[in-house]
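Colleague: I am new to this kind of model. Could we go through the terms one at a time?

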Amino acid sequence: MKHGDLLSKALNNEDLLASELEYLISLEDDHSVEALLNAGHEGRIKWVGESTFFRGLIECSNICVKDCYYCGIRKSLHSTIRYEMDEEEIIKEAFWAYEQGYGSIVIQAGERQDDHFILMIDRVLKELHSRCGDSLGITLSLGEQLTSTYQRWRDSGAHRYLLRIETSNSELYQSLHPDDHEHDSRLSCLKDLKDLGFQVGTGIMAGLPGQNYQDLIGDILFMKNLDVDMVGLGPYIPHSETPLYSDTRPRLTESPDQSLTLGLKMVALTRLVLRDVNIAAATALQSLHPTGREQALKSGANVIMPNLTLTTFRSHYSLYENKPCVGEAADQCKGCLQSRVEHTGGKIAFHQRGDSPHYLKRMKTETSI
Ligand code: SAH
């Protein structure tokens, strides 16, 4: 079957075989790639609509107990200057976003399981809930936690949780992390989050050393099987001070342009397979190309995350090198992103939470059983 037929089939709500998806992702000529990205956009309009939703991103701490081989805030990277926003600072930023009409915020940090941190987040959630009720959507992205911690945060007002599986290939996962970072623990966290009624998001990095097209299609099918509501996936960007930088396994992408294209192809295929989920235009795409995120919005993504992190801390949340917008204040990010999105013909939906349509449908079915 030709790629045009496969794309029409997918847009017609038909499931493609893994081999068909592998064929699509391996297409490299400009014409076929363009057709795939356009189909991703068409799917986005069909399944989740034209509106783009803002999620104000607060990277509230880069202190991390994990030691992931690819990450610039891993605990062994001693040159990273560590910071922690206090609860008043987080609340102030979040409330600013709310008043600007952002329907939702994301609170992200390095992973920590200490009581000081867990209780601080809990107080932030309670305060935001008392000020904004459920009209501000709150996503947490704070790594692996005990079920009781997830439960506590859910009870205090968090609606969504984002925990990337990083790769669904457990052997590849193990080669990217020390032995005490277990793929199975991440999986059980994702299951816990679903059981607790969160809107659950996961995602992966594309272009990792040792990763092939089969792995990437496996990732998309993994997300489909897990029945997630949100996806945040992006390109892997090597960080020169991390162990993975010197990994010699072959990569699917050698240049920033190739990484961008692979990231966009993944967005488009994820849209065509998962259909009615929310998909974020990853910030990492913008470090590869000035319009990387807007291109993702034209390839299937429908969510974008203006950075609200205080400018004094922003450069220290250095997951990868070349992170964009590190010198801008939150209000500059808003204006800049709004005009960038509108310039490409997109429309931002202010004053709406923009919940995942997939989640809303899932809740309806589950409660009517
Ligand atoms: N502690 C949280 C947040 C981690 S940072 C958690 O565990 O979920 C958020 C994401 O940044 C990670 O899940 C990872 O996918 C991504 N990331 C880290 N290093 C990266 C790199 N070098 N290139 C691209 N993305 C990276």
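Colleague: What makes a contact between isoleucine 237 and a nitrogen atom of the ligand?

Modeller: A backbone N or O atom of isoleucine 237 lies 2.8 Å from that nitrogen atom. A polar contact is a pair of N or O atoms within 3.5 Å; within protein, one must be able to donate a hydrogen and the other to accept it, and residues adjacent in sequence count only if both atoms are side-chain atoms. At 2.8 Å, the pair of isoleucine 237 and the ligand is therefore a polar contact.

Modeller: Before we go on, this is a predicted model: local features need pLDDT of at least 70, side-chain atom pairs count only at pLDDT 80 or more, and totals for chains, interfaces and linings use all residues. Residues are numbered from 1 along each chain as its sequence is written, and side-chain values use heavy atoms, with hydrogens and water left out.

Colleague: Which distances do glutamate 166 and arginine 186 have to oxygen atoms of the ligand?

Modeller: A polar side-chain atom of glutamate 166 is 2.6 Å from a ligand oxygen. For arginine 186, an N or O atom of the side chain lies 3.5 Å from an oxygen atom of the ligand.

Colleague: What makes the shell around the ligand nonpolar, polar or charged, by class?

Modeller: Ala, Val, Leu, Ile, Met, Phe, Trp, Tyr, Cys and Pro count as nonpolar, Asp, Glu, Lys and Arg as charged, and the others, Gly among them, as polar. On that basis the shell has eleven nonpolar, four polar and four charged residues.

Colleague: Why is threonine 242 called buried?

Modeller: Buried means under 20% relative accessible area, exposed over 50%, and partly exposed in between (1.4 Å probe, protein chains only). Threonine 242 has 5%, so it is buried. A polar atom of its side chain lies 2.7 Å from the backbone oxygen of histidine 239 and 3.5 Å from the backbone oxygen of tyrosine 69.

Colleague: Why does asparagine 13 count as partly exposed?

Modeller: Its relative accessibility is 41%, which falls between the two limits, so asparagine 13 is partly exposed. Aspartate 227, at 29%, is partly exposed because its value also falls between them.

Colleague: What is the phi of asparagine 13, and what is that of aspartate 227?

Modeller: Asparagine 13 has a positive phi of about 65° and is not a glycine. Aspartate 227, also a residue other than glycine, has a positive phi near 60°. Most residues other than glycine have a negative phi.
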